[in-house]
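Subject: A structure for you to look at

Hi,

Here is the structure I promised to pass on. Have a look at it first, and then read my notes underneath.

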Amino acid sequence: MASTERSDDRPRLRRRDSLWGIGVMALLAGVVVRLVLNGTSAWLSALLGAVPAAVWIVWWVRRRRVRDARAVGAEPDDVPAMERQILKGGPAPRDPERRRAMAAFVDSRQERLRRNRWWAFPMLAVIFFGTSALWYLSGSVGAGSLMLGLGVVFLGWLAWYNLRIDRRLSHMRGRLRG
């Protein structure tokens, strides 16, 4: 496998991180979901329906990368590499400018991660468990139990994932300071 390093000590953009790769994956996922739901004879409507969703996803990812890069003083193509370096527990960059950008990126992500935690988890709990209660009140024990189980599993996974990302961001902050 080829090296992922560029000559200026910045990781090269991987194929799966390119906007084309993200767009193609979103398009394929949209087409597959629509074909499963509507049958294989509706392939043209599945394709035409999935294109706007894929375009929107690419636009949203691009906008997020540009905003993140502008906030930390980096290039938009460097954002996926910084995310991957944080999530995989990679070493802190040696270049002082990249270290500063990485520290600003870590602070930005950690602030964004913690900013909405106080209302998002309770709101999701109300949605899942309230829907489950409504199913139980309507007499549908199966649907209520399914929604209750889905809520417990999803909120448990979300809490675990949130704490995991927060811990990895804190570890990267420690490596940047040390």
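**What I found**

Let me start at Arg-177, which is found in helix 6 (helices are DSSP runs of H or I with at least four residues, strands are runs of E with at least two, and both are numbered from the N terminus). Arg-177 counts as exposed, at 69% relative accessibility; here buried means under 20% relative accessible area, exposed over 50%, and partly exposed in between, with a 1.4 Å probe and protein chains only. Arg-177 and Ala-92 are 85 residues apart in sequence, yet their C-alpha atoms are 9.2 Å apart in space.

Before you go further, note that this is a predicted model, in which local features need pLDDT of at least 70 and side-chain atom pairs count only at pLDDT 80 or more, while totals for chains, interfaces and linings use all residues. Residues are numbered from 1 along each chain as its sequence is written, and side-chain values use heavy atoms, with hydrogens and water left out.

**The overall picture**

The protein has six helices and zero strands, so to speak an α-α-α-α-α-α pattern when you read along the sequence. The C-alpha trace spans about 65 × 40 × 30 Å along its principal axes. Its radius of gyration is 21 Å, whereas a compact globule of 178 residues would have one near 16 Å (this is taken over C-alpha atoms, and the globule rule is 2.2 Å times the number of residues to the power 0.38).

Of the 178 residues, 29% are buried. The accessible surface comes to about 11700 Å², and 67% of that belongs to carbon and sulfur atoms (areas come from the Shrake-Rupley method with a 1.4 Å probe, and for residues only the protein chains shown count as cover). Among contacts with a separation of 6 or more, 59% are between residues 24 or more positions apart; a contact means heavy atoms within 4.5 Å.

**Helix 6**

Back to helix 6, residues 141–177. Its end C-alpha atoms are 54 Å apart, which agrees with the 54 Å that its 37 residues should span at 1.5 Å a residue (the expected span is 1.5 Å times one less than the number of residues). The buried residues of helix 6 include Gly-144, Gly-151, Leu-155, Asn-162, Asp-166 and Arg-173. What do the buried residues of helix 6 pack against? They pack against helix 3 (79–87), helix 4 (96–115) and helix 5.

**Helix 4**

Helix 4 has 20 residues and reaches 28 Å from its first C-alpha to its last, close to the 28 Å expected at 1.5 Å a residue. Its buried residues are Arg-98, Ala-101, Met-102, Phe-105, Val-106, Arg-109 and Gln-110. These cover an arc of only 165 degrees around the axis, which puts them on the same side of helix 4 (the arc is that of the directions from the helix axis to the C-beta atoms). Their cover includes helix 2 (43–72), helix 3 and helix 6.

One of these, Arg-98, counts as buried at 12% relative accessibility. From Arg-98 to Asp-78 is 20 residues in sequence and 9.9 Å in space, C-alpha to C-alpha.

**Helix 5**

Helix 5 (residues 117–137) has 21 residues, and the 30 Å from its first C-alpha to its last is close to the 30 Å expected at 1.5 Å a residue. Phe-121, Phe-128 and Ser-132 are its buried residues. Seen down the axis, they fall within an arc of 50 degrees, so they line one face of helix 5. Helix 6 is part of what covers them. On the other side of helix 5, Trp-118, Val-126, Leu-134 and Leu-137 are exposed. Just after helix 5 comes Gly-139, with a positive phi of about 95 degrees.

**The aromatic rings**

How many aromatic pairs does the structure hold? There are five. Rings of Phe, Tyr and Trp (its six-membered ring) pair if their centres lie within 6.5 Å; planes under 30 degrees apart count as stacked, over 60 as edge-to-face and the rest as tilted. One of the pairs is Trp-157 with Tyr-161, which is stacked at 5.3 Å centre to centre, with 20 degrees between the planes. These two are four residues apart in helix 6, which means that about one helical turn separates them. In general, an α-helix has 3.6 residues a turn, so residues three or four places apart point the same way. Both rings belong to partly exposed residues: Trp-157 has a relative accessible area of 43%, and Tyr-161 is at 33%.

Tyr-161 also pairs with Trp-160, and this pair is tilted, at 6.4 Å centre to centre and 50 degrees between the planes. Ring pairs link Phe-128, Phe-154, Trp-157, Trp-160 and Tyr-161 into a cluster. You have met Phe-128 already, as one of the buried residues of helix 5.

Happy browsing!
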